[in-house]
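This briefing covers two topics: the surroundings of the bound ligand and the packing of helices. Please read it alongside the sequence and the model.

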Amino acid sequence: MTRILLLGGTTEASALAKTLAETGADAVFSYAGRTAKPVSQPLPTRVGGFGGTDGLAGYLKAEGITHVVDATHPFAEQMSTNAVHACNAAGVPLCAFERPVWQAGDGDTWIHAGSIEGAVDALPDAPARVFLAIGKQNLSQFAAKPQHHYLLRLVDTPEADLPLPSTTVEIARGPFDVQGDTALMQRHGITHVVAKNAGGTGAAAKLTAARDLGLPVIMIGRPEVPERPVMGSVAEVMAWLAHPAN
Ligand SMILES: NC(=O)c1ccc[n+]([C@@H]2O[C@H](COP(=O)([O-])OP(=O)(O)OC[C@H]3O[C@@H](n4cnc5c(N)ncnc54)[C@H](OP(=O)(O)O)[C@@H]3O)[C@@H](O)[C@H]2O)c1
């Protein structure tokens with residue numbers, strides 16, 4: 001009997017959940033619990049961490065999980081690393097469902113950064129107006145450049161004070177479109193965009209808007225996670241679930 005754990009938090013995970021539900025698969029959807037009102041899923045859903053690698057290995061055993069699909073965000077480095085180690089320990093096959101990285105095209109001005117620190121360094125010294133499109137984590141690192149005004153786009157209203165002295169907060173949940181993102185950047189007089197190379201379509205509009213407005217994008221590269229088989233579509237994941245190759 002197949003019983004799947006789907007690690008979610010992305011548009012891809014929601015698309016896979018829909019197909020799994022339609023095919024009557026026995027699957028559990030897992031959210032970290034970072035947002036106040038996560039998108040509801042057509043699968044039984046659990047919320048919250050597992051308690052590290054050992055906690056996840058224990059969960060796999062207790063729940064009789066036979067396959068794990070890691071469809072977390074490409075920057076969810078800790079969860080993806082834990083999943084590889086826990087699945088190895090428990091002898092449960094794992095695959096990642098990941099979208100390809102975004103590539104710069106004609107007209108793009110991208111400054112590549114290897115990390116959040118690299119992105120902070122890449123910002124100018126003179127005061128700028130920065131669209132910091134990286135979610136709510138890692139904001140404190142940008143306090144090293146307090147001279148800038150930061151536009152933040154967040155899913156939930158922040159509960160605590162933000163670690164940056166000059167901010168505007170826009171509450172919104174993707175997917176976003178080019179027209180809206182262009183208007184947003186114009187309204188706030190944005191001069192620089194900072195983005196994580198998430199890939200996919202839901203958050204790509206800001207890159208097209210930046211290109212159209214002639215703005216530089218500081219693009220943060222993905223963190224490395226231990227090797228695992230990577231699927232690029234719902235169909236590939238479904239085929240892998242039928243015949244896990246590892
Ligand atoms: N990082 C981003 O930029 C980003 C953007 C959009 C969405 N997300 C989503 O937000 C969630 C958290 O991201 P993050 O960057 O904080 O991850 P992370 O740093 O890799 O994970 C930190 C801890 O959160 C728990 N966790 C993460 N994802 C989980 C999941 N799907 N189900 C259960 N527990 C989970 C795990 O706790 P335990 O060790 O206790 O198991 C994990 O060790 C992920 O599900 C991700 O898909 C992240």
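A crossing is called right-handed if the near helix is turned clockwise from the far one by less than a right angle, and left-handed if it is turned anticlockwise. By that convention α5 and α6 cross in a right-handed manner. The structure is a predicted model. In it, 22 residues surround the ligand, and the protein covers 80% of the 800 Å² of accessible area that the ligand has on its own.

**Shell around the ligand**

- The closest of the 22 surrounding residues are Gly8, Ser30, Phe50, Met79 and Lys196.
- Sorted by class, the shell holds 12 polar, 6 nonpolar and 4 charged residues.
- Helix α3 (77-90) and strand β2 (27-31) each contribute at least two residues to the shell.
- With 4 residues, α3 provides the largest share of the shell.

**Polar atoms at the ligand**

- Gln78 has a backbone N or O atom 2.9 Å from an oxygen atom of the ligand.
- For Glu77, a backbone N or O atom lies 3.3 Å from an oxygen atom of the ligand.
- Asn82 is placed with a polar side-chain atom 3.4 Å from an oxygen atom of the ligand.
- Of the 800 Å² of accessible area that the ligand has on its own, 80% is covered by the protein.

**Helix α2 against α3**

- Helix α2 spans residues 52-63, and its axis comes within 8 Å of the axis of α3, the two crossing at roughly 50°.
- The angle makes α2 oblique to α3, because angles that are neither under 35 degrees, over 145 nor from 65 to 115 count as oblique.
- The crossing of α2 and α3 is right-handed.

**Helix α1 against α7**

- Helix α1 (residues 11-22) packs against helix α7 (residues 234-242) at an angle of about 50°, and their axes are 10 Å apart.
- α1 is therefore oblique to α7.
- α1 passes α7 in a right-handed crossing.

**Helix α5 against α6**

- The axes of helix α5 (residues 178-187) and helix α6 (residues 205-213) come within 8 Å, with a crossing angle of roughly 55°.
- This angle makes α5 oblique to α6.
- As stated above, the crossing of α5 and α6 is right-handed.

Methods:
Residues numbered from 1 in each chain as written. Predicted model: local features only at pLDDT ≥ 70, side-chain atom pairs only at ≥ 80, totals over all residues. Heavy atoms only, no water. Near = heavy atom within 4 Å. Polar contact = N/O pair within 3.5 Å; in protein donor to acceptor, adjacent residues only side chain to side chain. Areas by Shrake-Rupley, 256 points an atom, 1.4 Å probe, with all protein chains shown as cover. Nonpolar A, V, L, I, M, F, W, Y, C, P; charged D, E, K, R; others polar. Axes fitted to C-alpha atoms, helices over the stretch in contact; angles between N-to-C directions.
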